[in-house]
Amino acid sequence: MNSRKWLAGFFGLVLAGAVAVGGLIIGVDPFFHYHKPLAQLFYRLHVERYQNDGIVRNFDYDSIIVGASMVDTYKTSLMDSLFGGKSVKIPLSAGSFYETNNHLLRAYKTHDVKNVVRSLEFQMIIQEPDFLREDLGDITYPLYLYNDNPFDDVEYVLNKDVLFEEVMVMLKKYRDGEEGGITSFDRYANYMYYSSTEFSREACLEGRKSFKEPSKMAELSEDDRKLIWQNVTENLVSVAREHPETTFYYFIPPWSVVHWGDEYASGKLKRTLDAERIMVSMLLECDNIHLFSFNMWTDVTENLDLYKDPVHCTGSVHDEILQKMHDDDPAFRLTRENYEEFLNNEMEFYMNYDYNSIFT
């Protein structure tokens, strides 16, 4: 055999292998890039930024729960029973408003969306409108899964990790008799099911012994105000204005007084709450945004045994939040008429809280 025939045979085998691998990954499609789950196989929901885009595009639903880790314990089963319809949950650990909004925009390309439940985290307010985290360690952004360019899909369909850690594992479980299906959205990213999760005063304090007095309180700069306006307009307001047929349930989660002690000690507390005020006033301009704040739900925020760290609380609290939003609870609903008084009380409470009393 001459070298030319040998090379042709070699590259033919390589091409055939690549086609076989690519066909297998496309056929099983563990990240739902091409199609919804196959009924025969079990799909484990466990890699948010690799699977969420496929869920948004290819699953059947008419409602969405979306946000950073504040929505990890939210249950689509409860949302469906309260609001009706069929929902999916799109959690994005440490996700910015920009990243969260991109998933919503993708959803509208393929679905009619009736209801959106979306968390609004304080640390996301003063950010560039196209901000993506670069400090997430092993968490990366597989942009080749998010676009409509078929050519860069090679990073997915010829990915050895996808082949051996996802596809082959799924096929082995199928051969072993595992029933088909997917991880329920109630359990998806839900830290209530992690054996390492501990809810306690000690877990919430994380070794803190005291909070120092700040030398001064930071104020919003003009640059801060511009960023807030751009970020909120582009990532929270625009989608609501473009889709008046959807009801958006935006909510500010209840973060513990330990978190606010950190904000106070760093001198950032007033700046953060002033940023919240700007965001709230902008959101209330949209009639289809139902805005709720649970930051003054002191039965929760002062009960440190409900938290696993300063910001993540037990799932039972989140069940109550869904119920309160469904019931349009006036104690937590912000309106054009009441938001100034609510935020003034919030500022008074957290600016004058005796944070060191937490330790006694």
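User: How many aromatic pairs does the count come to in this predicted model?

Analyst: In this predicted model, the count comes to 24 aromatic pairs. One of them joins Tyr-191 and Phe-199.

User: Why is the pair of Tyr-191 and Phe-199 called tilted?

Analyst: The ring centres of Tyr-191 and Phe-199 are 6.2 Å apart, and since pairing asks for centres within 6.5 Å, the two rings count as a pair. Their planes stand at 45°, which is neither under 30 degrees, as stacked would need, nor over 60, as edge-to-face would need, and therefore the pair is tilted.

User: What makes Phe-248 and Tyr-250 an edge-to-face pair?

Analyst: The centres of Phe-248 and Tyr-250 lie 5.9 Å apart with the planes at 65°; because an angle over 60 counts as edge-to-face, that is the term for this pair. Both residues are buried.

User: How do you know whether Tyr-191 and Phe-199 are buried or partly exposed?

Analyst: Tyr-191 has a relative accessible area of 3%, and because buried means under 20%, Tyr-191 is buried. Phe-199, at 24%, lies between that limit and the 50% above which a residue is exposed, so Phe-199 is partly exposed.

User: Why is Lys-308 said to lie over the face of Tyr-191?

Analyst: Lys-308 is at 4.9 Å from the ring centre of Tyr-191, and the rule asks for NZ of Lys within 6 Å and within 35 degrees of the ring normal, so the distance satisfies its part of the rule. Likewise, the charged end of Arg-187 sits over the ring of Tyr-193, 3.9 Å from its centre.

Note on methods
Residues are numbered from 1 along each chain as its sequence is written. This is a predicted model: local features need pLDDT of at least 70, side-chain atom pairs count only at pLDDT 80 or more; totals for chains, interfaces and linings use all residues. Side-chain values use heavy atoms; hydrogens and water are left out. Rings of Phe, Tyr and Trp (its six-membered ring) pair if their centres lie within 6.5 Å; planes under 30 degrees apart count as stacked, over 60 as edge-to-face and the rest as tilted. Buried means under 20% relative accessible area, exposed over 50%, partly exposed in between (1.4 Å probe, protein chains only).
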